[in-house]
Amino acid sequence: MTKGGMETVEVFNSEGKGRGLKAVKEFWAGDVIFAERAYAAVVFDSLTHLVCHTCFKRHEKLHRCGQCKFAHYCDRTCQKDAWVNHKSECSAIKKQGKAPNENIRLAARIMWRIEREGGGLTDGCLVSIDTLQNHVEHFGDEEKKELRIDLESFLEFWPPESKQFGMQYISHILGVINCNGFTLSDQRGLQAVGVGIFPNLCLVNHDCWPNCTVIFNNGNHEAVRSLFHTQMRIELRALGKISPGEELTVSYVDFLNVSEDRKQQLKKQYYFDCTCEHCQKKIKDDLMLAVKEGDKKPSQETVKDIIQFSKETLEKIDKARSDGIYHEVVKLCRECVAKQEPVLGETNIYLLRILSILSEVLSYLQLVEEAAGYSKRMVDGYLKLYHPNNAQLGMALMRAGVTHWHAGLIEAGHGMICKASAILLVTHGSTHPITKDLDAMRVQSEMELHMFQQNEFMYYKMREAALQNQTIQVLPEPTNEVSPGIFQKKQ
């Protein structure tokens with residue numbers, strides 16, 4: 001067994017956390033510490049006909065598997081690459097007449113691979129599937145009930161001619177998926193489209209203020225010569241300088257929650273108590289719950305009422321968004337911001353959540369001038385809260401920059417796009433589709449900025465003429481999805 005590109009890291013016992021990974025050499029911001037292909041991965045049930053089952057890219061026209069009529073692929077290359085993993089699945093789906101849910105499909109793919117290769121260490125893996133944590137012993141009543149249902153569904157789907165596994169082992173695999181499934185995104189990184197198991201990544205422990213980030217790379221089959229093709233993989237990237245011997249950490253959840261809420265989420269979803277410095281010292285909690293400063297500081301009772309009102313409004317907004325009633329979303333957000341502004345500080349997470357939704361939906365409705373104002377306040381708050389190389393911050397700056405650009409605020413827009421570009425070069429790398437798109441925007445906005453600086457009047461004249469001759473580009477419809485955590489918790 002070879003380490004297969006894992007020579008840069010070492011497994012060790014991390015105090016109070018169990019196994020972990022530490023650096024063997026020095027790393028700097030943007031360095032890829034390791035890349036790992038999925039042990040097994042599947043597309044979400046709702047997207048099986050819209051996303052390639054090999055590279056997880058969204059495509060207008062996909063080729064359907066002629067046998068099972070379930071799997072879809074970009075092209076012959078993806079279909080050929082998929083066959084070793086799809087062969088047994090294809091036969092089982094044909095026999096049953098339909099595909100089971102994503103968790104059963106992923107469990108089956110894992111177990112067909114174990115049937116082929118055994119459950120021990122495979123090439124490039126530092127840990128075997130058999131020794132990954134499943135946390136079944138920590139399941140509550142509802143989770144135990146779901147596990148029983150999944151066991152029944154699995155046994156119904158699993159072919160009698162395949163190797164037969166005991167109930168305990170099947171439960172172990174389903175438990176591993178429950179707490180270690182990594183969320184896969186489409187090629188633009190904008191939508192969660194699937195879930196996969198990456199054993200080496202499972203060894204990387206959590207920290208709310210981590211030194212690494214994980215990015216999903218869909219790979220590239222577009223080169224004429226297959227020699228230049230790259231495979232679908234995750235990349236663990238350094239966010240700053242990491243010294244030899246230092247533990248590698250990622251954040252399993254979004255930082256934009258107060259420490260107590262993050263701890264509760266981590267306990268519920270991943271079954272551990274977070275003891276990171278940011279949680280123990282409640283770092284940035286004061287900023288996240290900031291209230292308006294000045295002579296007339298609002299009372300605790302007023303703050304409590306506004307936060308409760310914000311929570312209730314966010315629930316109504318979720319309902320209106322899922323129903324596609326975007327003008328109602330805007331109305332609710334405006335009302336909420338009007339109540340929040342005299343009470344909450346500019347870094348308060350409840351204000352920032354409303355500003356984020358409001359700027360996104362206004363952009364979608366082509367009300368870009370108003371959206372720009374709200375997005376500026378949102379990123380100003382984010383810059384004071386997030387790690388300077390946080391991918392969420394980079395994406396927010398990119399969206400705000402584009403909104404300002406569309407609104408004709410070229411100086412501010414170009415500045416935000418440049419800041420976003422610097423962050424995403426670290427988190428995603430120069431070859432990722434998002435970074436390439438952003439670089440094209442940076443070049444274009446820089447050209448327009450030069451034009452604006454030379455002759456402001458002519459710039460606006462040319463912009464007005466261009467807008468009149470151009471069909472309005474409709475932005476992607478806002479989704480109700482929150483940014484996924486590192487690992488996909490089975491819903």
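Are Phe182 and Phe198 buried or exposed? Both residues are buried. The structure considered here is a predicted model, and this pair of phenylalanines offers a convenient point of entry into it.

Phe182 and Phe198 form an aromatic pair of the edge-to-face kind, with 5.6 Å from centre to centre and 85° between the planes. Phe182 belongs to strand β7 (residues 182-185), whereas Phe198 lies in the loop between β8 (192-197) and β9 (205-206), so the pair ties together parts that are 16 residues apart in sequence. A second edge-to-face pair is formed by Trp209 and Phe255, at 5.2 Å centre to centre and with 70° between the planes. Here Trp209 is placed in the loop between β9 and β10 (212-217), and Phe255 in the loop between β12 (249-250) and α5 (259-270); the pair therefore ties together parts that are 46 residues apart in sequence. The two partners can be described separately in terms of exposure. Trp209 has a relative accessible area of 25% and is partly exposed, because buried means under 20% and exposed over 50%. Phe255, with a relative accessible area of 3%, is buried.

The count of aromatic pairs in the model comes to 14. Some rings also join into a group: Trp112, Phe154, Phe157, Trp158, Phe165 and Tyr169 form one aromatic cluster. Other rings are met by charged side chains. The charged end of Lys241 sits over the ring of Trp28, 5.8 Å from the ring centre. Likewise, the charged end of Arg353 is found over the ring of Tyr350, at 5.2 Å from its centre.

Strand β7, which carries Phe182, leads on to a sheet. This open sheet has three strands in the order β4-β8-β7, and their pairing is antiparallel. The strands β4 (40-43) and β7 stand at the edges with a single partner strand each, so one side of each has no neighbour in the sheet. Neighbouring strands are turned by 30° against each other on average, direction ignored. Within the sheet, β7 and β8 pair over four bridges in the antiparallel sense, and the bridge partner of Leu184 in β8 is Gly194. On the other side of β8, four bridges join this strand to β4, again with an antiparallel course; in this case Ala40 has Ile197 as its bridge partner in β8. Along β4, Ala40 and Val42 point one way while Ala41 and Val43 point the other way, and all of these are buried. Helix α2 (residues 102-117) lies across β4 and β8 and runs at about 155° to β4.

Another open sheet of three strands has the order β3-β11-β10, with antiparallel pairing. Its edges are formed by β3 (32-36) and β10; each has a single partner strand, so one side of each is left without a neighbour in the sheet. The twist from one strand to the next averages 20°. Six bridges join β10 to strand β11 (residues 233-238), and these two strands run antiparallel. Among the facing residues, Ile215 stands opposite Glu235 in β11. Helix α13 (residues 410-427) packs on this sheet and touches β10 and β11, its direction making about 115° with that of β11.

Leu239 is located in the loop between β11 and β12. Leu239 has a relative accessible area of 7% and is therefore buried. Beyond its neighbours within four places in sequence, Leu239 is in contact with residues that include Pro210, Cys212, His387, Asn389, Val426 and Thr427. Leu239 and Ala391 are 152 residues apart in sequence, but their C-alpha atoms are 9.8 Å apart in space.

The nonpolar interior completes the picture. In soluble globular proteins, nonpolar side chains tend to be buried together. In this model, the largest nonpolar core has 141 residues, of which Ile33, Phe34, Phe56, Ile110, Ile197, Leu236 and Leu248 touch the most other members. Helix α10 (residues 349-364) gives the most to this core, contributing 11 residues. Ile33 may serve as an example. Not counting residues up to four places away in sequence, Ile33 touches Thr8, Val9, Phe27, Cys212, Leu236, Arg237, Ala238, Ile242 and Leu248. Ile197, the bridge partner of Ala40, is also among the core residues that touch the most other members.

Technical notes: Residues numbered from 1 in each chain as written. Predicted model: local features only at pLDDT ≥ 70, side-chain atom pairs only at ≥ 80, totals over all residues. Heavy atoms only, no water. Core = buried A, V, L, I, M, F, W, Y, C linked by side-chain atoms within 4.5 Å. Buried < 20%, exposed > 50% of the residue type's maximum accessible area, 1.4 Å probe, protein only. Contact = heavy atoms within 4.5 Å. Phe/Tyr/Trp six-rings, centres within 6.5 Å; stacked < 30°, edge-to-face > 60°. Lys NZ or Arg CZ within 6 Å of the ring centre and 35° of its normal. Pairing = 2+ DSSP bridges. Axes fitted to C-alpha atoms, helices over the stretch in contact; angles between N-to-C directions.
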